[in-house]
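Colleague: I am new to this model and would like a close look at a single part of it, taken slowly. Could you choose one residue and work outward from there?

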Amino acid sequence: MRPILEQAAVFPQQRIDVGQVVLAQAAPQHELMAARDVIGKITGVVDTPEKFEAHRLEMAKRVWDRMKSRDSKECRNCHNFATMDPDKQKARSQIKHEEAQEDNITCIECHKGIAHKPIHHLLEEEAQAGQ
Ligand code: HEC
Ligand code: HEC
């Protein structure tokens with residue numbers, strides 16, 4: 001497999017997308033390896049910007065599944081419920097964050113499309129198509 005940076009350089013316009021996945025998962029080596037694995041799986045499949053676009057939902061789903069399985073560790077590096085001040089948040093946030101803590105719902109289940117161009121709207125279309 002080619003190194004990550006070279007992968008990222010294949011589509012300079014998408015460097016942020018690929019780079020953020022890697023950056024968000026930087027540090028411990030096993031995590032970096034896992035990020036490599038996600039990118040590794042797409043090697044050979046994604047060799048044009050059109051294909052990147054076509055596979056984006058699939059790639060995003062892998063990242064969401066991974067984040068969910070790790071209780072959105074990436075988000076909690078910077079934010080967490082213990083240090084949030086609900087009084088400074090919108091009423092809508094307060095209600096949802098209470099619900100999240102009571103029902104153990106993790107950040108990524110509600111917050112998709114924070115750091116990237118939105119793609120999660122396609123989940124609904126896909127669900128409809130599958131019916
Ligand atoms: C590197 C640190 C960092 C990480 C990682 C991070 N955030 Fe943030 N986030 C911030 C900062 C800084 C702000 C801006 C806070 C402010 O405006 O007061 C912010 C703002 C937000 C906002 C408010 C955005 C708005 O437009 O009002 C949401 C929602 C949010 N983050 C959710 C998340 C979620 C979900 C994740 C994980 C997918 C995440 N963040 C990961 C640092 C981070
Ligand atoms: C049950 C769904 C849900 C979960 C789980 C959830 N959030 Fe939110 N969050 C929301 C909603 C809804 C808003 C309000 C968004 C809006 O109105 O723009 C919000 C708003 C925020 C904001 C902005 C707050 C404000 O009012 O300025 C931040 C920051 C944030 N969430 C971070 C997180 C983080 C970090 C996690 C995980 C620890 C998390 N959220 C989990 C639903 C959720």
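**A close look at S72**

Modeller: S72 counts as buried because 20 C-beta neighbours lie inside 10 Å of it, and 20 is the number at which a residue is called buried. Please keep in mind throughout that this is a predicted model. S72 lies in the loop between helix 4 (49-69) and helix 5, and its phi is positive, about 50 degrees, although the residue is not a glycine. Leaving aside residues up to four places away in sequence, S72 touches M67, T106, C107 and I108. One of these partners, C107, is 35 residues away from S72 along the chain, yet the C-alpha atoms of the two are separated by 5.9 Å.

The residue just before it in the sequence makes a useful contrast. D71 is found in the loop between helix 4 and helix 5, and it too has a positive phi, near 55 degrees, in a residue other than glycine. D71, however, counts as exposed, because it has 12 C-beta neighbours inside 10 Å, and a residue with 12 or fewer is placed in that class.

Going back along the chain from this loop, one comes to helix 4. Its 21 residues should span 30 Å at 1.5 Å a residue, and because its end C-alpha atoms are 29 Å apart, the expected and modelled spans agree. The helix nevertheless bends by about 50 degrees at H55. Its buried residues are M59, A60 and M67, and M67 is also one of the residues that S72 touches.

S72 is also part of the surroundings of a ligand. Ligand 1 is surrounded by S72, E74, C75, N77, C78, H79, C107, I108, H111 and I114, so that C107 and I108, which S72 touches, appear in this list as well. Helix 5 and helix 7 each supply at least two residues of the shell. Sorted by class, the shell around ligand 1 has 5 nonpolar, 4 polar and 1 charged residues.

C107 leads on to the other ligand, since it is also among the residues that come nearest to ligand 2, where the full set of these is Q89, S93, A100, C107 and C110, out of 19 residues around that ligand. The elements that give two or more residues to this second shell are helix 5 (73-76), helix 6 (91-102) and helix 7 (107-110), and helix 6 gives the most, with 6 residues. By class, the shell around ligand 2 has 6 nonpolar, 7 polar and 6 charged residues.

Helix 6 itself deserves a moment. At 1.5 Å a residue its 12 residues should span 16 Å, and because the end C-alpha atoms are 17 Å apart, the two values agree. It is hardly covered, however, for the count of buried residues among its 12 residues is 0. After helix 6 comes N104, whose phi is positive, near 50 degrees. N104 lies in the loop between helix 6 and helix 7, and it counts as exposed because it has 8 C-beta neighbours inside 10 Å. This brings us back towards the starting point, as N104 and D71, 33 residues apart in sequence, are 9.2 Å apart in space, C-alpha to C-alpha.

The chain as a whole gives these details their setting. Its secondary structure comes to 8 helices and 0 strands. Buried residues make up 11% of the 131 residues in the chain, and S72 counts among the buried ones because of its 20 C-beta neighbours inside 10 Å. Of the contacts in the chain with a separation of 6 or more, 52% are between residues 24 or more positions apart, and the pairing of S72 with C107, at 35 residues apart along the chain, is one contact of that long-range kind.

A word of caution belongs at the end. The mean pLDDT of the chain is 74, and 65% of its residues reach 70 or more. Over residues 1-29, however, the pLDDT is below 50, although this stretch has 32 contacts in the model beyond near neighbours in sequence. Where pLDDT is low, the predicted coordinates should not be read in detail.

Terms used:
Residues numbered from 1 in each chain as written. Chains lettered and ligands numbered in written order. Predicted model: local features only at pLDDT ≥ 70, side-chain atom pairs only at ≥ 80, totals over all residues. Near = placed C-beta within 6 Å. Helix = DSSP H or I, 4+ residues; strand = E, 2+ residues; numbered from the N terminus. Nonpolar A, V, L, I, M, F, W, Y, C, P; charged D, E, K, R; others polar. Contact = placed C-beta atoms within 7 Å. Expected span 1.5 Å × (residues − 1). Bend = angle between axes of the 7 residues up to and from the residue. pLDDT = per-residue confidence, 0-100.
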